[in-house]
Amino acid sequence: SRTDDWWRDAVIYQVYPRSFADGDGDGAGDLAGVRAHLSYLAELGVDAVWFTPWYQSPLVDGGYDVADYRTIDPAFGTLEEAEKLISEAADLGIRVIVDIVPNHVSDQHAWFRAALAAGPGSPERERFHFRPGRGEQGELPPNNWPSEFAGGTWTRVPDGEWYLHLFTPEQPDLNWSHPDVRREHEDVLRFWFERGVAGVRIDSAALLAKHPDLPDYEEGVGPHPYVDQDELHDIYRSWRTIADEYGGVFVGEVWLPDAERFARYLRPDELHTAFNFNFLSCPWDADRLRRTIDDTLAEHAPVHAPATWVLCNHDVTRTVTRYGREDTGFDFATKRFGTPVDLALGTRRARAAALLTLALPGSVYLYQGEELGLPEADIPLDRIEDPMHFRSGGTDPGRDGCRVPLPWVADAPHCGFGSGAEPWLPQPAYWADYAVDRQAGAPDSMLTLYRTALEIRRAGPGFCDGPMSWLPAEDGVLAFSRPGGLVCVVNLRDRPAELPSYDRLILSSGPLDGQGRLPSDTAAWLRT
Ligand code: TEU
């Protein structure tokens, strides 16, 4: 719908296919379900859809354990359906972004099965990180690396060797100094660009390359042996030449605390964009938010890359819950996760945060259900599937609470998620209150807020990857202007705030008080 630079200020909707819509009635979402709801996404007004992995997979880690990139998992559908989906989305002006997981594959991937069968010393094992163990009998893991998901990073196979996995044992890490590994991923990129995808998300993008000696690591002592290795830049430069052939774009999942190191990935010959997760750890506080915004924009400015804004994704506690409580700990007495939540407050803040992020320079990621204001759900212990929960010995709730199947129709079985089997994760009793059909015509619903805001954003001007300037404001209030006279004001204090008397485009929550002031925890867009 727009130019080659569409991605610089796009709104990108994240679909977690297993939980979006169930077209075949087996209790799990699928491509048929997505295709049936493409018009919903068009009406919402998003520019692109990012699909978390839909490839053949045992789904041990929700598809981030890929067994074959050239096959769609039968639980989701077929390659032909994916191709249809991509072209139907294009007809509606929606671009498709797929997810590539280069750090590891599934233990069911042909390469790993071959490596197990071929045994120690075989060329098949060189595509992974197999090593003899330490200790007299080789009974100790080859190094001390901690797992990204708790538990160890090494698993021993029956012939005595160990293999490396930064995530679960079902996700063996690939050896990125092996030419097959590089060639295969370049082919996979071409495979999906050939099928018309507009972009690729790169999972765990700063982890793939490892120090060749796999040395022990003490936190903070010496260079890190696998985070942010220099070879990565060479890998992404070769990927970029492929993307450029197709006009495709990258968004990297680059979790790095160091802003300067992060920005190195965002270059005209490397990644176009990377997720900015700074808001996920930023409290609802005007000074902290302002500093986070300034830091984020300062990180991106020198490399001329647009910032991205993320309030939620499939790995973190849902936005309205995060803004409505202090901590997310596990309560052993009630076997429930999280402290009591003030959902009304969390929702109000999430509404204001939506207008804030949508008014900032750059692109915005919107995670399915965020536009409905879904809270984090409590998942009964015996229904949790996320390996993160099990790897932590049960101390971490895991990430299923943000992955519950969507409610589409309040009065339909399973809230319209599917008409057959029970959804793979249970929907809470209150889920129907959030259903799309309840929210669609309701003036005060979260869905209406998002639809209206996205419509205004599309019409512009001012919602772009251009400049922003802070305006003078009272303590606890954020106010900034954008090109074309757009002004955004966010009141984070506990009493009303002065609002300039420009034309009002939208309020996150109403009404204004008798003196025309903006209520607490509310945002407004104005036009001068
Ligand atoms: O996440 C990578 C990652 O860094 C995670 O460890 C993240 O810190 C954690 O999920 C936060 O709660 C990606 C995917 O987004 C995630 O779903 C996968 O499980 C992971 O990679 C492994 O592929």
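Start at the ligand: 13 residues surround it, and the closest are Tyr-64, Glu-148, Phe-167, Ser-204 and Asp-315. A residue counts as near a molecule here if its C-beta atom, placed from the backbone, lies within 6 Å of it. The shell around the ligand divides into 5 nonpolar, 2 polar and 6 charged residues. In that split, Ala, Val, Leu, Ile, Met, Phe, Trp, Tyr, Cys and Pro count as nonpolar, Asp, Glu, Lys and Arg as charged, and the others, Gly among them, as polar.

Bear in mind that this is a predicted model: local features need pLDDT of at least 70, side-chain atom pairs count only at pLDDT 80 or more, and totals for chains, interfaces and linings use all residues. Residues are numbered from 1 along each chain as its sequence is written.

Now the domains. The assignment for the protein chain gives domain 1 (6-102 + 179-449), domain 2 (110-164) and domain 3 (467-527); such bounds come from an automatic or database domain assignment. Between the C-alpha centres of domain 2 and domain 3 there are 57 Å.

On to the sheets. One open sheet has 8 strands with parallel pairing, in the order E11-E10-E9-E5-E2-E1-E15-E12. Strands (E, at least two residues) and helices (H or I, at least four) are DSSP runs, numbered from the N terminus, and two strands pair if DSSP finds at least two bridges between them. Strand E11 (273-274) and strand E12 (308-310) are at the edges with a single partner strand each, so one side of each has no neighbour in the sheet. Further in, strand E5 (residues 95-100) runs parallel to strand E9 (residues 199-202), joined by 4 bridges, and Val-98 has Val-200 in E9 as its bridge partner.

The other open sheet to look at has 3 strands, E6-E8-E7, with antiparallel pairing. Strand E6 (130-131) and strand E7 (154-156) are its edge strands, each pairing on one side only. E6 pairs with strand E8 (residues 162-164) over 2 bridges in the antiparallel sense, with Phe-130 opposite Tyr-163 in E8.

What about the inside? The largest nonpolar core has 143 residues, and those with the most contacts inside it are Ala-48, Val-49, Val-96, Ile-97, Leu-355, Cys-488 and Val-489. Helix H10 (residues 343-359) supplies the largest share of this core, 8 residues. A nonpolar core is a set of buried Ala, Val, Leu, Ile, Met, Phe, Trp, Tyr and Cys residues joined through C-beta atoms within 7 Å. Val-96 touches Ala-48, Val-49, Phe-51, Ile-86, Ala-89, Val-197 and Ala-198, leaving aside residues up to four places away in sequence; contact means C-beta atoms, placed from the backbone, within 7 Å.

Last, some backbone oddities. Most residues other than glycine have a negative phi, and most peptide bonds are trans. These go the other way:

| Site | Backbone value | Loop |
|---|---|---|
| Gly-460 to Pro-461 | cis, omega near -10 degrees | Pro-461: between helix H13 (446-459) and strand E16 (469-470) |
| Gly-510 to Pro-511 | cis, omega near -15 degrees | Pro-511: between strand E19 (503-507) and strand E20 (522-527) |
| His-414 | positive phi of about 55 degrees | between helix H11 (387-391) and helix H12 (436-440) |
| Cys-415 | positive phi near 50 degrees | between H11 and H12 |

Are His-414 and Cys-415 buried or exposed? His-414 is buried, with 22 other C-beta atoms within 10 Å, and Cys-415 is buried too, with 24. The cut-offs are 20 or more other C-beta atoms within 10 Å of its own for buried, 12 or fewer for exposed, and partly exposed in between, with C-beta atoms placed from the backbone.

Definitions and conventions
Contact = placed C-beta atoms within 7 Å.
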